[in-house]
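Me: Could you walk me through this model with a few questions and answers? I would like the cut-offs along the way.

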Amino acid sequence: MTKKKRNYILLIIIFVLIWKELWWLALLLVSLITLYLFSLKLVSVIKFSFFKKGIRGLFIFLFIFSIAISIKLFLGDIYKIPSSSMEDTLFTNDIILVNKLKYGPKLPQSPFEIPWVNIAFYFNDKAKARIHENWWEHKRLSGYSKVKNGDILVYEYFKKNSFFVKRCVGIAGDTLTLKATNIYINKVKHLFAKTVRKEYQFKVSDNKLFYKKTDSLQINEYIQRGTGNPNYRTASLLLKDKEKIEKLSMVDSLQPAVKKYNPSDELFARPRNTKWTAYDLGPIIIPKKGMPITLNEANYAIYRTAINLHESVYIEKKESDYFINGEQVKSYVFKQDYYFMMGDHRNGSYDSRFIGFIPEEKIVGKVQCILWSNYQNEFQWSRFLKKIE
(Lines give C-alpha, C1' and ligand atoms only; values in the text may rest on other atoms or scores of the structure.)
Protein backbone atom coordinates (compact mmCIF):
# COMPACT_ATOMS: atom_id res chain seq x y z
CA MET A 1 0.00 0.00 0.00
CA THR A 2 1.39 3.40 -0.99
CA LYS A 3 1.86 6.26 1.43
CA LYS A 4 -0.79 8.26 -0.42
CA LYS A 5 -3.40 5.49 -0.01
CA ARG A 6 -2.58 5.13 3.69
CA ASN A 7 -3.12 8.85 4.17
CA TYR A 8 -6.49 8.67 2.39
CA ILE A 9 -7.60 5.75 4.57
CA LEU A 10 -6.49 7.60 7.68
CA LEU A 11 -8.43 10.72 6.67
CA ILE A 12 -11.56 8.62 6.02
CA ILE A 13 -11.26 6.96 9.46
CA ILE A 14 -10.88 10.34 11.17
CA PHE A 15 -13.84 11.76 9.24
CA VAL A 16 -16.05 8.79 10.23
CA LEU A 17 -15.05 9.12 13.90
CA ILE A 18 -15.90 12.83 13.93
CA TRP A 19 -19.19 12.12 12.10
CA LYS A 20 -20.04 9.57 14.81
CA GLU A 21 -19.24 12.27 17.42
CA LEU A 22 -16.19 10.29 18.56
CA TRP A 23 -14.03 13.42 18.25
CA TRP A 24 -11.90 12.39 21.23
CA LEU A 25 -10.99 9.10 19.52
CA ALA A 26 -10.04 10.96 16.33
CA LEU A 27 -7.86 13.27 18.43
CA LEU A 28 -6.26 10.31 20.21
CA LEU A 29 -5.53 8.61 16.88
CA VAL A 30 -3.95 11.77 15.45
CA SER A 31 -1.91 12.24 18.64
CA LEU A 32 -0.51 8.71 18.54
CA ILE A 33 0.40 8.99 14.86
CA THR A 34 2.02 12.39 15.43
CA LEU A 35 4.00 10.99 18.36
CA TYR A 36 5.16 8.07 16.24
CA LEU A 37 6.27 10.27 13.31
CA PHE A 38 7.95 12.77 15.62
CA SER A 39 9.85 9.94 17.33
CA LEU A 40 11.10 8.60 13.99
CA LYS A 41 12.19 12.08 12.97
CA LEU A 42 14.01 12.59 16.26
CA VAL A 43 15.79 9.26 15.99
CA SER A 44 16.90 10.00 12.41
CA VAL A 45 19.05 12.97 13.51
CA ILE A 46 21.09 10.83 15.94
CA LYS A 47 24.49 10.12 14.42
CA PHE A 48 25.76 7.23 16.52
CA SER A 49 24.16 3.97 15.36
CA PHE A 50 24.41 2.35 18.82
CA PHE A 51 22.37 5.11 20.47
CA LYS A 52 20.06 5.32 17.45
CA LYS A 53 19.10 1.62 17.76
CA GLY A 54 18.60 1.87 21.51
CA ILE A 55 16.46 5.02 21.41
CA ARG A 56 14.50 3.73 18.43
CA GLY A 57 13.72 0.53 20.34
CA LEU A 58 12.68 2.57 23.40
CA PHE A 59 10.36 4.76 21.33
CA ILE A 60 8.76 1.75 19.66
CA PHE A 61 8.22 0.11 23.06
CA LEU A 62 6.62 3.28 24.50
CA PHE A 63 4.45 3.64 21.41
CA ILE A 64 3.14 0.06 21.65
CA PHE A 65 2.73 0.49 25.42
CA SER A 66 0.62 3.64 24.85
CA ILE A 67 -1.56 1.85 22.30
CA ALA A 68 -2.12 -1.10 24.68
CA ILE A 69 -3.16 1.23 27.52
CA SER A 70 -5.43 3.21 25.19
CA ILE A 71 -7.19 0.04 24.01
CA LYS A 72 -7.89 -1.16 27.56
CA LEU A 73 -9.00 2.28 28.74
CA PHE A 74 -11.06 3.47 25.80
CA LEU A 75 -12.07 0.61 23.52
CA GLY A 76 -12.57 -2.68 25.34
CA ASP A 77 -11.35 -5.11 27.95
CA ILE A 78 -11.57 -8.76 28.94
CA TYR A 79 -13.50 -9.99 32.01
CA LYS A 80 -14.30 -13.31 33.63
CA ILE A 81 -17.87 -14.21 34.62
CA PRO A 82 -17.85 -14.51 38.45
CA SER A 83 -21.13 -16.35 39.12
CA SER A 84 -24.05 -18.32 37.69
CA SER A 85 -26.50 -15.40 37.80
CA MET A 86 -26.56 -15.02 34.00
CA GLU A 87 -27.10 -18.69 33.07
CA ASP A 88 -27.90 -19.77 30.36
CA THR A 89 -26.63 -16.69 28.54
CA LEU A 90 -23.27 -16.66 30.30
CA PHE A 91 -21.79 -19.39 32.46
CA THR A 92 -19.42 -19.14 35.42
CA ASN A 93 -15.80 -18.58 34.30
CA ASP A 94 -16.75 -17.63 30.73
CA ILE A 95 -14.22 -15.16 29.34
CA ILE A 96 -16.00 -12.19 27.76
CA LEU A 97 -15.06 -9.14 25.69
CA VAL A 98 -16.58 -5.87 26.91
CA ASN A 99 -17.14 -2.98 24.51
CA LYS A 100 -16.35 0.31 26.30
CA LEU A 101 -16.67 2.43 23.17
CA LYS A 102 -20.40 1.73 22.65
CA TYR A 103 -21.63 3.94 25.50
CA GLY A 104 -18.41 5.92 25.79
CA PRO A 105 -15.48 4.94 28.04
CA LYS A 106 -15.47 6.00 31.67
CA LEU A 107 -12.25 7.86 32.45
CA PRO A 108 -10.13 6.60 35.38
CA GLN A 109 -10.92 8.18 38.74
CA SER A 110 -7.59 7.22 40.25
CA PRO A 111 -4.15 6.13 38.96
CA PHE A 112 -4.93 2.63 40.22
CA GLU A 113 -7.48 2.31 37.38
CA ILE A 114 -4.85 2.88 34.67
CA PRO A 115 -3.54 -0.49 33.41
CA TRP A 116 0.15 -1.22 34.06
CA VAL A 117 0.82 2.39 35.10
CA ASN A 118 -0.89 1.56 38.41
CA ILE A 119 1.94 -0.85 39.31
CA ALA A 120 4.21 2.08 40.21
CA PHE A 121 1.63 3.46 42.67
CA TYR A 122 1.50 0.20 44.63
CA PHE A 123 5.07 0.91 45.77
CA ASN A 124 4.11 4.31 47.21
CA ASP A 125 2.65 3.99 50.71
CA LYS A 126 0.85 7.36 50.60
CA ALA A 127 -0.80 6.51 47.29
CA LYS A 128 -1.62 2.98 48.41
CA ALA A 129 -3.47 4.36 51.44
CA ARG A 130 -5.89 6.01 48.98
CA ILE A 131 -6.38 2.93 46.79
CA HIS A 132 -10.17 2.86 47.36
CA GLU A 133 -10.65 6.63 46.92
CA ASN A 134 -11.63 8.60 43.84
CA TRP A 135 -8.82 11.03 43.05
CA TRP A 136 -10.68 12.72 40.19
CA GLU A 137 -14.33 13.46 39.35
CA HIS A 138 -16.37 11.09 37.19
CA LYS A 139 -16.21 11.84 33.47
CA ARG A 140 -17.33 9.80 30.48
CA LEU A 141 -16.32 10.36 26.88
CA SER A 142 -18.90 10.19 24.09
CA GLY A 143 -19.95 6.81 22.64
CA TYR A 144 -21.81 5.82 19.51
CA SER A 145 -24.92 4.44 21.22
CA LYS A 146 -27.03 4.58 24.39
CA VAL A 147 -27.89 1.83 26.88
CA LYS A 148 -31.00 -0.03 25.71
CA ASN A 149 -33.42 -2.35 27.47
CA GLY A 150 -32.05 -5.88 27.25
CA ASP A 151 -28.36 -4.95 26.94
CA ILE A 152 -26.00 -7.07 29.06
CA LEU A 153 -23.70 -4.74 30.96
CA VAL A 154 -20.60 -4.90 33.12
CA TYR A 155 -20.73 -2.45 36.01
CA GLU A 156 -18.74 -1.70 39.12
CA TYR A 157 -20.41 -1.78 42.50
CA PHE A 158 -19.80 -1.79 46.25
CA LYS A 159 -16.05 -1.22 45.95
CA LYS A 160 -13.43 -0.54 43.31
CA ASN A 161 -12.59 -3.43 41.00
CA SER A 162 -15.71 -5.32 42.09
CA PHE A 163 -17.55 -6.03 38.83
CA PHE A 164 -21.00 -7.45 38.13
CA VAL A 165 -22.53 -8.70 34.88
CA LYS A 166 -26.31 -8.41 34.52
CA ARG A 167 -29.00 -7.62 31.96
CA CYS A 168 -30.43 -4.10 31.90
CA VAL A 169 -34.21 -4.52 32.15
CA GLY A 170 -35.06 -0.87 32.73
CA ILE A 171 -33.41 2.37 31.60
CA ALA A 172 -33.67 5.88 33.02
CA GLY A 173 -37.23 7.20 32.89
CA ASP A 174 -38.89 3.78 32.47
CA THR A 175 -41.76 2.73 34.70
CA LEU A 176 -40.94 -0.84 35.76
CA THR A 177 -43.20 -3.46 37.31
CA LEU A 178 -42.33 -7.05 38.27
CA LYS A 179 -45.32 -9.35 38.51
CA ALA A 180 -45.34 -13.14 38.79
CA THR A 181 -41.82 -13.45 37.28
CA ASN A 182 -42.79 -11.18 34.35
CA ILE A 183 -41.30 -7.76 33.57
CA TYR A 184 -43.43 -4.85 32.45
CA ILE A 185 -41.81 -1.70 31.04
CA ASN A 186 -44.23 1.21 30.73
CA LYS A 187 -47.08 -1.33 31.13
CA VAL A 188 -45.82 -3.49 28.24
CA LYS A 189 -44.70 -7.07 28.99
CA HIS A 190 -41.12 -7.82 27.90
CA LEU A 191 -39.18 -11.05 27.42
CA PHE A 192 -35.62 -9.90 26.85
CA ALA A 193 -34.07 -13.27 26.00
CA LYS A 194 -35.00 -16.93 25.60
CA THR A 195 -32.15 -17.78 27.97
CA VAL A 196 -33.95 -16.31 31.01
CA ARG A 197 -34.66 -18.91 33.70
CA LYS A 198 -37.87 -18.53 35.70
CA GLU A 199 -39.24 -20.49 38.63
CA TYR A 200 -42.30 -22.69 38.07
CA GLN A 201 -44.32 -25.14 40.14
CA PHE A 202 -46.50 -28.01 38.96
CA LYS A 203 -48.09 -31.32 39.95
CA VAL A 204 -47.00 -34.74 38.64
CA SER A 205 -49.43 -37.67 38.45
CA ASP A 206 -46.85 -40.36 37.52
CA ASN A 207 -43.40 -39.78 39.04
CA LYS A 208 -41.66 -42.70 37.33
CA LEU A 209 -42.86 -41.73 33.86
CA PHE A 210 -42.13 -38.05 34.56
CA TYR A 211 -38.45 -38.68 35.37
CA LYS A 212 -38.11 -40.92 32.35
CA LYS A 213 -39.45 -38.18 30.10
CA THR A 214 -37.49 -35.30 31.66
CA ASP A 215 -34.28 -37.34 31.57
CA SER A 216 -34.60 -37.51 27.79
CA LEU A 217 -35.17 -33.72 27.76
CA GLN A 218 -31.94 -33.24 29.80
CA ILE A 219 -33.52 -30.85 32.31
CA ASN A 220 -33.60 -33.02 35.44
CA GLU A 221 -30.89 -31.01 37.21
CA TYR A 222 -33.18 -27.95 37.34
CA ILE A 223 -36.19 -29.78 38.84
CA GLN A 224 -36.69 -30.27 42.59
CA ARG A 225 -39.24 -32.21 44.58
CA GLY A 226 -41.66 -29.95 46.44
CA THR A 227 -41.76 -29.99 50.23
CA GLY A 228 -44.76 -31.60 51.89
CA ASN A 229 -46.14 -33.39 48.83
CA PRO A 230 -44.02 -35.82 46.74
CA ASN A 231 -46.17 -35.14 43.66
CA TYR A 232 -45.34 -31.44 43.48
CA ARG A 233 -42.24 -30.04 41.76
CA THR A 234 -40.49 -26.71 41.48
CA ALA A 235 -38.21 -26.00 38.55
CA SER A 236 -35.96 -23.27 37.17
CA LEU A 237 -36.78 -23.41 33.47
CA LEU A 238 -36.00 -21.74 30.19
CA LEU A 239 -39.04 -20.84 28.10
CA LYS A 240 -38.40 -23.75 25.68
CA ASP A 241 -38.14 -26.24 28.58
CA LYS A 242 -41.27 -24.86 30.20
CA GLU A 243 -43.17 -25.42 26.95
CA LYS A 244 -41.87 -29.01 26.73
CA ILE A 245 -42.96 -29.85 30.29
CA GLU A 246 -46.38 -28.28 29.74
CA LYS A 247 -47.01 -30.81 26.95
CA LEU A 248 -46.29 -33.85 29.15
CA SER A 249 -49.48 -35.78 29.91
CA MET A 250 -48.57 -36.46 33.56
CA VAL A 251 -47.96 -32.75 34.35
CA ASP A 252 -50.76 -30.58 35.69
CA SER A 253 -51.22 -27.00 36.94
CA LEU A 254 -47.89 -25.57 35.78
CA GLN A 255 -47.65 -21.96 36.92
CA PRO A 256 -45.05 -19.40 38.05
CA ALA A 257 -43.63 -20.16 41.50
CA VAL A 258 -43.91 -16.76 43.14
CA LYS A 259 -42.49 -16.50 46.64
CA LYS A 260 -44.89 -15.27 49.28
CA TYR A 261 -44.44 -11.90 50.93
CA ASN A 262 -41.86 -11.98 53.71
CA PRO A 263 -41.17 -8.72 55.60
CA SER A 264 -37.64 -9.94 56.39
CA ASP A 265 -36.60 -10.21 52.71
CA GLU A 266 -33.77 -7.77 52.02
CA LEU A 267 -35.18 -5.86 49.04
CA PHE A 268 -33.70 -2.51 47.97
CA ALA A 269 -36.90 -0.76 49.07
CA ARG A 270 -40.02 -1.61 50.99
CA PRO A 271 -42.58 1.24 50.95
CA ARG A 272 -45.21 1.18 53.66
CA ASN A 273 -48.48 -0.59 52.80
CA THR A 274 -46.85 -2.63 50.03
CA LYS A 275 -46.07 -6.34 49.97
CA TRP A 276 -43.19 -6.33 47.52
CA THR A 277 -41.17 -9.46 46.87
CA ALA A 278 -38.26 -10.21 44.51
CA TYR A 279 -40.85 -11.35 41.93
CA ASP A 280 -43.63 -8.86 42.56
CA LEU A 281 -42.74 -5.19 43.01
CA GLY A 282 -43.49 -1.79 41.59
CA PRO A 283 -44.51 0.13 39.68
CA ILE A 284 -41.39 2.26 40.14
CA ILE A 285 -39.97 5.02 37.95
CA ILE A 286 -36.25 4.54 37.28
CA PRO A 287 -34.46 7.84 38.01
CA LYS A 288 -33.44 9.98 35.05
CA LYS A 289 -31.07 12.96 35.01
CA GLY A 290 -33.15 16.08 35.65
CA MET A 291 -36.16 14.09 36.91
CA PRO A 292 -37.86 15.79 39.90
CA ILE A 293 -39.58 13.83 42.66
CA THR A 294 -41.81 15.02 45.45
CA LEU A 295 -40.41 13.88 48.78
CA ASN A 296 -43.04 11.80 50.48
CA GLU A 297 -42.98 8.55 52.42
CA ALA A 298 -43.16 6.27 49.35
CA ASN A 299 -40.55 8.14 47.28
CA TYR A 300 -38.23 8.40 50.26
CA ALA A 301 -38.34 4.62 50.71
CA ILE A 302 -37.69 3.95 47.00
CA TYR A 303 -35.02 6.56 46.21
CA ARG A 304 -33.22 7.19 49.51
CA THR A 305 -30.45 4.65 48.87
CA ALA A 306 -29.69 5.94 45.36
CA ILE A 307 -29.57 9.55 46.55
CA ASN A 308 -27.32 8.85 49.52
CA LEU A 309 -24.94 6.52 47.69
CA HIS A 310 -24.65 8.11 44.27
CA GLU A 311 -25.81 11.74 44.30
CA SER A 312 -23.11 13.23 46.58
CA VAL A 313 -25.72 14.47 49.07
CA TYR A 314 -27.25 13.08 52.25
CA ILE A 315 -31.01 12.83 52.61
CA GLU A 316 -32.78 11.99 55.86
CA LYS A 317 -36.26 12.03 57.32
CA LYS A 318 -37.13 13.69 60.63
CA GLU A 319 -40.69 13.01 61.68
CA SER A 320 -42.68 14.04 58.58
CA ASP A 321 -40.05 16.38 57.10
CA TYR A 322 -37.15 15.70 54.73
CA PHE A 323 -33.66 17.19 54.84
CA ILE A 324 -30.80 17.21 52.34
CA ASN A 325 -27.43 18.09 53.86
CA GLY A 326 -29.32 19.50 56.85
CA GLU A 327 -31.57 21.80 54.80
CA GLN A 328 -35.33 21.12 54.76
CA VAL A 329 -36.66 20.36 51.25
CA LYS A 330 -39.90 19.19 49.66
CA SER A 331 -38.51 17.82 46.38
CA TYR A 332 -35.35 16.53 44.75
CA VAL A 333 -33.94 16.56 41.19
CA PHE A 334 -31.67 13.65 40.13
CA LYS A 335 -28.19 14.44 38.85
CA GLN A 336 -27.62 11.36 36.67
CA ASP A 337 -29.30 8.47 34.86
CA TYR A 338 -29.92 5.11 36.54
CA TYR A 339 -30.62 1.56 35.38
CA PHE A 340 -32.38 -1.49 36.79
CA MET A 341 -30.35 -4.70 36.39
CA MET A 342 -31.39 -8.35 36.72
CA GLY A 343 -29.69 -11.68 36.14
CA ASP A 344 -31.14 -14.12 33.59
CA HIS A 345 -31.12 -16.82 36.26
CA ARG A 346 -33.75 -14.98 38.28
CA ASN A 347 -33.72 -17.18 41.36
CA GLY A 348 -29.91 -17.10 41.68
CA SER A 349 -29.12 -13.45 41.04
CA TYR A 350 -28.19 -10.69 43.47
CA ASP A 351 -29.22 -7.66 41.45
CA SER A 352 -31.18 -4.38 41.51
CA ARG A 353 -34.07 -6.05 43.33
CA PHE A 354 -31.74 -6.16 46.33
CA ILE A 355 -29.12 -3.42 45.84
CA GLY A 356 -31.20 -0.83 43.99
CA PHE A 357 -30.66 1.31 40.92
CA ILE A 358 -27.27 1.31 39.18
CA PRO A 359 -25.99 4.82 38.33
CA GLU A 360 -24.57 5.75 34.94
CA GLU A 361 -21.16 6.46 36.47
CA LYS A 362 -20.77 2.76 37.41
CA ILE A 363 -21.37 1.37 33.90
CA VAL A 364 -18.19 -0.06 32.34
CA GLY A 365 -19.53 -1.26 28.98
CA LYS A 366 -21.61 -3.74 27.01
CA VAL A 367 -20.77 -7.44 26.77
CA GLN A 368 -19.90 -7.93 23.10
CA CYS A 369 -19.09 -11.63 22.84
CA ILE A 370 -17.82 -14.72 24.62
CA LEU A 371 -14.13 -15.15 23.79
CA TRP A 372 -14.09 -18.72 25.05
CA SER A 373 -15.90 -20.99 27.47
CA ASN A 374 -14.84 -24.04 29.49
CA TYR A 375 -18.34 -24.79 30.70
CA GLN A 376 -18.51 -28.14 32.53
CA ASN A 377 -14.69 -28.32 32.32
CA GLU A 378 -14.74 -28.77 28.56
CA PHE A 379 -13.92 -26.26 25.84
CA GLN A 380 -17.18 -25.25 24.16
CA TRP A 381 -16.60 -24.71 20.46
CA SER A 382 -20.22 -23.60 20.01
CA ARG A 383 -19.55 -20.67 22.36
CA PHE A 384 -16.17 -19.65 20.90
CA LEU A 385 -16.39 -15.96 19.85
CA LYS A 386 -20.17 -16.19 20.28
CA LYS A 387 -21.92 -12.83 19.98
CA ILE A 388 -24.13 -11.90 22.94
CA GLU A 389 -27.60 -10.46 22.43
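Here are some questions on the overall fold, the helix packing, the cysteines and the backbone.

Me: Glad to start with the basics: how many helices and strands does the protein have?

Reply: This is a predicted model, in which local features need pLDDT of at least 70, side-chain atom pairs count only at pLDDT 80 or more, and totals for chains, interfaces and linings use all residues. Residues are numbered from 1 along each chain as its sequence is written, and side-chain values use heavy atoms, with hydrogens and water left out. Helices (H or I, at least four residues) and strands (E, at least two) are DSSP runs, numbered from the N terminus. On that basis the protein has 9 helices and 21 strands.

Me: What percentage of the residues count as buried?

Reply: The C-alpha atoms fill a box of roughly 90 × 60 × 45 Å along the principal axes. Buried means under 20% relative accessible area, exposed over 50%, and partly exposed in between, using a 1.4 Å probe and protein chains only. Of the 389 residues, the buried share is 43%.

Me: Of the contacts between residues at least 6 apart in sequence, what percentage join residues at least 24 apart?

Reply: Contact here means heavy atoms within 4.5 Å. With contacts between residues at least 6 apart in sequence as the base, the share joining residues at least 24 apart is 63%.

Me: Are helices H1 and H2 roughly parallel or roughly antiparallel?

Reply: Axes are lines fitted to C-alpha atoms, for helices over the stretch in contact, and angles run from 0 to 180 degrees between N-to-C directions. The axes of H1 (residues 3-19) and H2 come within 7 Å and cross at roughly 150 degrees. Angles under 35 degrees count as roughly parallel, over 145 as roughly antiparallel, 65 to 115 as roughly perpendicular and the rest as oblique. H1 is therefore, relative to H2, roughly antiparallel.

Me: How many nonpolar, polar and charged residues does the contact of H1 with H2 have?

Reply: On the H1 side are Leu10, Ile13, Ile14, Leu17 and Ile18, which meet residues of H2 including Trp23, Leu25 and Ala26. Ala, Val, Leu, Ile, Met, Phe, Trp, Tyr, Cys and Pro count as nonpolar, Asp, Glu, Lys and Arg as charged, and the others, Gly among them, as polar. The contact of H1 with H2 has 11 nonpolar, no polar and no charged residues.

Me: And how are H2 and H3 oriented to each other, roughly parallel or roughly antiparallel?

Reply: H2 (residues 23-44) and H3 (residues 49-75) have axes 9 Å apart and pack at an angle of about 175 degrees. Their contact has 14 nonpolar, 4 polar and 2 charged residues. The two helices are therefore roughly antiparallel.

Me: How many disulfides are there?

Reply: A disulfide is a pair of cysteine sulfur atoms within 2.5 Å. Cysteine 168 is in no disulfide, and the nearest cysteine sulfur, that of cysteine 369, is 20 Å away. Cysteine 168 is buried at a relative accessible area of 0%, and cysteine 369 is buried at 11%. The count of disulfides is 0.

Me: Which residue follows glutamate 87 through a cis peptide bond?

Reply: Most residues other than glycine have a negative phi, and most peptide bonds are trans. A cis bond joins glycine 282 and proline 283, with omega about 5 degrees, and proline 283 lies in strand S12 (residues 281-285). The bond from glutamate 87 is also cis, with omega near 10 degrees, and leads to aspartate 88.

Me: Is serine 312, with its positive phi, buried or exposed?

Reply: Serine 312 has a phi of about 60 degrees although it is not a glycine. Serine 312 lies in the loop between helix H8 (297-310) and strand S14 (315-318). At 71% relative accessibility, serine 312 counts as exposed.

Me: Which residues does phenylalanine 91 contact, leaving aside neighbours within four places in sequence?

Reply: Phenylalanine 91 lies in the loop between S1 and S2. Phenylalanine 91 is buried, with a relative accessible area of 6%. Leaving aside neighbours within four places in sequence, its contacts are Ile81, Ser83, Tyr375 and Arg383.
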